[in-house]
Amino acid sequence: MFLAWRELWFARARFGLMGGVVALIAVLVVMLSGLSSGLVNDGVSGLKKLPVSAFAFGEDTAIDSAFSRSTVDRDQLAQWADQDGVAEAALFGNQLVNGEGPHDEPVDLALFGVEAGSFVAPSAEDVIEGTALSGENGIVVSETVTDLGLGLGDTVTIDRLGTELTVVGILDGQHTFGHVDVAYVPMGTWQEIHAGIPEGAEARPEIYDGATAIALASASGEDIDRAAGDAAAATTTVSLEESFDGSPGYAAETLTLELIQVFLYAISALVVGAFFMVWTIQRKHEIAVARAMGASTGYLVRDALGQAAVVLVVSTVAGMGVGVGFGALLSSSPMPFALEAAPLAAAAVLLIGLGLVGAAASVGRIARVDPLTALGGQR
């Protein structure tokens, strides 16, 4: 690294400019990573926090619209409860509704219909204020609902139906679905809302038989035989992670951001490669002198890659630090933004790794430098 350190010092302006470009790319990667994590949390954090291994939807239901189109019944629930590897099975309802708060303010909620006492219902330990589900019209809401001005004892009136839901408990942290705050509601009440039964009207008995999906929890150390269960219950079953695609806009948002990140990584590799290719051409005479003095090709290549590694590591760390600083400011804003250590670490490794790949592709010219160049052999 002797030559590398000397060149880094004497050409510090050029390397500083290159490092600044890499640092800016690192800042953009941090911003995109935070936005991606924030959108994922805003879209499916309510699902991610469910103790569910898989969801069984109605037969042949498209996964991208499963939570809005699927219908299952208690007979299918009974079939799934008897399957090998299934520890628990419960009906699960999902519906987005519009309502009004106690002061006529608009309130949008994602209603998760659950049966009190089932494994998908929030327990008393999950509630940081109030109680677990109780009564027909009591709801347990996400802590983020308090940003809308709602609190314990407040009532939300569902539009067009007039059904009044009273907040009896508040959960810790963010629970959202499709960028809407989650409210857990007793299954019977959810079924009435889903069927469009106005407040006080009599409901047909058959509406209390249906739900959106069957939530499944696998037995410890066992896998659920989805194919056998689907054949027995006439359902389409997907894992919890696969069900995220059923959240409105989830797949489009994540794919768009991932594509932008891929282009940023590719741009980083191309920029670094182009810089070191130009740098290698400019110092061709110095490389020839080193070759003529006995320096091996391997030594010169390792020296050049070490130089690239120093620039990439320092610039990436600096850019990540600036990005995290900006991200800390955005985390307290209404924008869905969340910084997570694992994605940031992966992004840093990819930036450095792909940058080294680009540098390696360019420093291959070192092997073709003729030592005679140093002696004027080209003339």
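Arginine 74 is a good place to start in this predicted model: with a relative accessible area of 30%, this residue is partly exposed. Its side chain meets that of glutamate 115 in a salt bridge, with 2.9 Å from N to O. Glutamate 115 counts as partly exposed too, at 24% relative accessibility. If you trace the chain between the two partners, you will find them 41 residues apart, with arginine 74 in helix α4 and glutamate 115 in the loop between β4 and β5. Side chains of opposite charge can pair when their charged atoms come close.

How many salt bridges does the structure hold? The count is 3. Another of them joins arginine 204 to glutamate 206, where the closest N and O atoms are 3.0 Å apart. Then there is arginine 226 with glutamate 242, whose closest N and O atoms lie 3.1 Å apart. Arginine 226 sits in helix α6 and glutamate 242 in helix α7 (residues 240–243), so this bridge ties together parts of the chain that are 16 residues apart in sequence. Both ends can be placed on the accessibility scale: arginine 226 is partly exposed at 32% relative accessible area, and glutamate 242 is partly exposed at 37%.

Arginine 226 also leads us to a helix pair. Helix α4, residues 74–81, packs with helix α6, residues 226–233, at an angle of about 145°, and their axes are 9 Å apart. The crossing in which α4 passes α6 is right-handed. Which residues make the contact? From α4 come Gln76, Gln79 and Trp80, and they meet Arg226, Gly229, Asp230, Ala232 and Ala233 in α6. Sorted by class, the contact has 3 nonpolar, 3 polar and 2 charged residues.

Now let us turn to the rings. A pair of aromatic rings is described by the distance of the centres and the angle of the planes. The model has 10 aromatic pairs. In one of these, phenylalanine 55 and phenylalanine 92 are tilted, at 5.2 Å centre to centre and with 45° between the planes. Phenylalanine 55 belongs to strand β1 (residues 54–58) and phenylalanine 92 to strand β3 (residues 86–100), so the pair ties together parts that are 37 residues apart in sequence. Phenylalanine 55 and phenylalanine 92 are both buried.

Compare that with phenylalanine 112 and tyrosine 184: their ring centres are 5.6 Å apart and their planes stand at 90°, so this pair is edge-to-face. Here the link spans 72 residues, from phenylalanine 112 in strand β4 (residues 106–114) to tyrosine 184 in strand β10 (residues 180–186). Are these two residues buried or exposed? Phenylalanine 112 and tyrosine 184 are buried. The two pairs also belong to a wider picture, as ring pairs link Phe55, Phe57, Phe67, Phe92, Phe112, Phe177 and Tyr184 into a cluster.

Our last stop is valine 52, in the loop between α2 (12–48) and β1. Its relative accessible area is 8%, and because buried means under 20%, valine 52 counts as buried. What does valine 52 touch, not counting residues up to four places away in sequence? The contacts are Phe119, Val120, Ala215, Leu216 and Leu240. For a sense of distance, valine 52 and valine 182 are 130 residues apart in sequence, and from C-alpha to C-alpha they are 16 Å apart in space.

Methods
Residues numbered from 1 in each chain as written. Predicted model: local features only at pLDDT ≥ 70, side-chain atom pairs only at ≥ 80, totals over all residues. Heavy atoms only, no water. Axes fitted to C-alpha atoms, helices over the stretch in contact; angles between N-to-C directions. Helix = DSSP H or I, 4+ residues; strand = E, 2+ residues; numbered from the N terminus. Left-handed = near helix turned anticlockwise from the far one by under 90°. Contact = heavy atoms within 4.5 Å. Nonpolar A, V, L, I, M, F, W, Y, C, P; charged D, E, K, R; others polar. Phe/Tyr/Trp six-rings, centres within 6.5 Å; stacked < 30°, edge-to-face > 60°. Buried < 20%, exposed > 50% of the residue type's maximum accessible area, 1.4 Å probe, protein only. Salt bridge = Lys/Arg side-chain N within 4 Å of Asp/Glu carboxyl O.
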